[in-house]
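Subject: the model you asked about

Hi,

Here is the structure, with the sequence alongside. Have a look at it first, and then my notes below should be easy to follow.

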Amino acid sequence: DVPLRTEKLGFGLALPKDEVRPPKSPPFLLYAGRIDAHKGVPDLMKWYAEMRDLHSDPPRLVLIGGKGPEYQRLPGVEVRGFVSEEEKLELMRTALAFVHPSPFESLGIVLLEALACRTPVIVTKKSEVMVEHCRESQAGVWIENGAELAAITKRLSSGDLRRELGDRGRRWVEREYSIESYTRRLLQAFP
C-alpha cells in the first residue's frame, strides 16, 4: 500500500540572462501575446486612450504577437507582430512596464518572462490569478482604467520604483519558477 498525497510542484522556466537595463527613451509599455479580445486587448486600448488624455508625455504602447494590425492606426501604438525571441527579451528588458490585460489567465508565461527581465508588470483587476502573482512577487500593480495606468506610468518613470519592482520580480521568479527551484521541489517530493 502506497499512501496517496499531493504536492504543489509548480512550473520550471528557463530564465533569460539577468541583464539590468534602463528603460529605452522614449519610454514604452509592452504587451506580448495574441492581439485579440480574449487577451484583453480592447481594454488595453481603452486604458491607453484614457491615459493619453491624462498624461502630458505618455509612453508609447508596443504590441508584439499575432494579428491586430487595426491598432497600428491609434496614436502612440506600434504593432510589431511576431518578433524573434532575442528581440522579445530585449523589448521586455527595456520597457517601462509590461502590460498584461488578459482576464482569463491561469499562469502567464510572458508575465513571468517580463518579471525575469526585471520589468514591472501591470495587470487587470479582472484576473484574480494575475493579481495574486503581483501580490506574491510585490513586483506589479493591478488596474482597471486609464487613470490608474497614467498614475503608475508616471511613478515608474522616476526610475527608482521601476528598479525596485524589477529586482523583486527577478528574485520571485528565480525563487518560485526557475528550473533550479522546480528541480529542488521535485526532488523533495520524490526523494
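**What I found**

Helix H1 (residues 41-54) has 14 residues, which at 1.5 Å a residue should span 20 Å, and its end C-alpha atoms are indeed 20 Å apart, so the two agree. (The expected span is 1.5 Å times one less than the number of residues; helices are DSSP runs of H or I with at least four residues, strands are runs of E with at least two, and both are numbered from the N terminus.) Before going on, some housekeeping: this is a predicted model, in which local features need pLDDT of at least 70 and side-chain atom pairs count only at pLDDT 80 or more, while totals for chains, interfaces and linings use all residues. Residues are numbered from 1 along each chain as its sequence is written, and side-chain values use heavy atoms, with hydrogens and water left out.

Back to H1. Its buried residues are Val 41, Leu 44, Met 45, Trp 47, Tyr 48 and Met 51. They cover an arc of only 165 degrees around the axis, which puts them on the same side of H1. (The arc is that of the directions from the helix axis to the C-beta atoms; buried means under 20% relative accessible area, exposed over 50%, and partly exposed in between, with a 1.4 Å probe and protein chains only.) The general rule behind this sort of pattern is that an α-helix has 3.6 residues a turn, so residues three or four places apart point the same way. On the face of H1 turned away from the buried side you'll find the exposed residues Lys 46 and Asp 53.

Met 45 is worth a click. This H1 residue is buried, with a relative accessible area of 9%. Leaving aside residues up to four places away in sequence, Met 45 touches Leu 61, Leu 63, Tyr 71, Leu 74 and Val 77 (contact means heavy atoms within 4.5 Å). Of these partners, Leu 74 is 29 residues from Met 45 in sequence, with 8.7 Å between their C-alpha atoms.

Now the sheet. It is open, has 6 strands in the order E3-E2-E1-E4-E5-E6, and pairs in the parallel sense (two strands pair if DSSP finds at least two bridges between them). Strand E3 (77-81) and strand E6 (140-143) are the edges, each pairing on one side only. From one strand to the next, the twist averages 25 degrees (axes are lines fitted to C-alpha atoms, for helices over the stretch in contact, and angles run from 0 to 180 degrees between N-to-C directions).

Strand E4 (residues 97-100) is a good place to start. Ala 97 and Val 99 point one way from E4 while Phe 98 and His 100 point the other, and all are buried. E4 runs parallel to strand E1 (residues 28-32), joined by 2 bridges, and Leu 30 has Phe 98 as its bridge partner in E4. With strand E5 (residues 121-124), also parallel, E4 has 3 bridges, and there Phe 98 stands opposite Val 121. The chain gets from E4 to E5 through helix H3 (residues 109-116), in a right-handed β-α-β crossover (right-handed if, with the strands pointing away from the viewer, the path from the first strand over the helix to the second runs clockwise). H3 lies across E1, E4 and E5, at about 170 degrees to E4.

Further along, E5 and E6 pair in the parallel sense over 4 bridges, with Ile 143 of E6 the bridge partner of Thr 124. The link from E5 to E6 goes through H4, and this β-α-β crossover is right-handed. H5 lies across E1, E4, E5 and E6, running at about 160 degrees to E6.

Last, helix H6 (residues 160-177). Its 18 residues should span 26 Å at 1.5 Å a residue, and its end C-alpha atoms are 25 Å apart, which agrees. Among its buried residues are Leu 161, Leu 165, Trp 172, Val 173 and Tyr 177, along with Arg 162 and Arg 170. Seen down the axis of H6, the buried residues fall within an arc of 170 degrees, so they line one face of the helix. What covers them includes helix H2 (85-94), H3, helix H4 (128-137), helix H5 (146-156) and helix H7 (179-189).

Cheers
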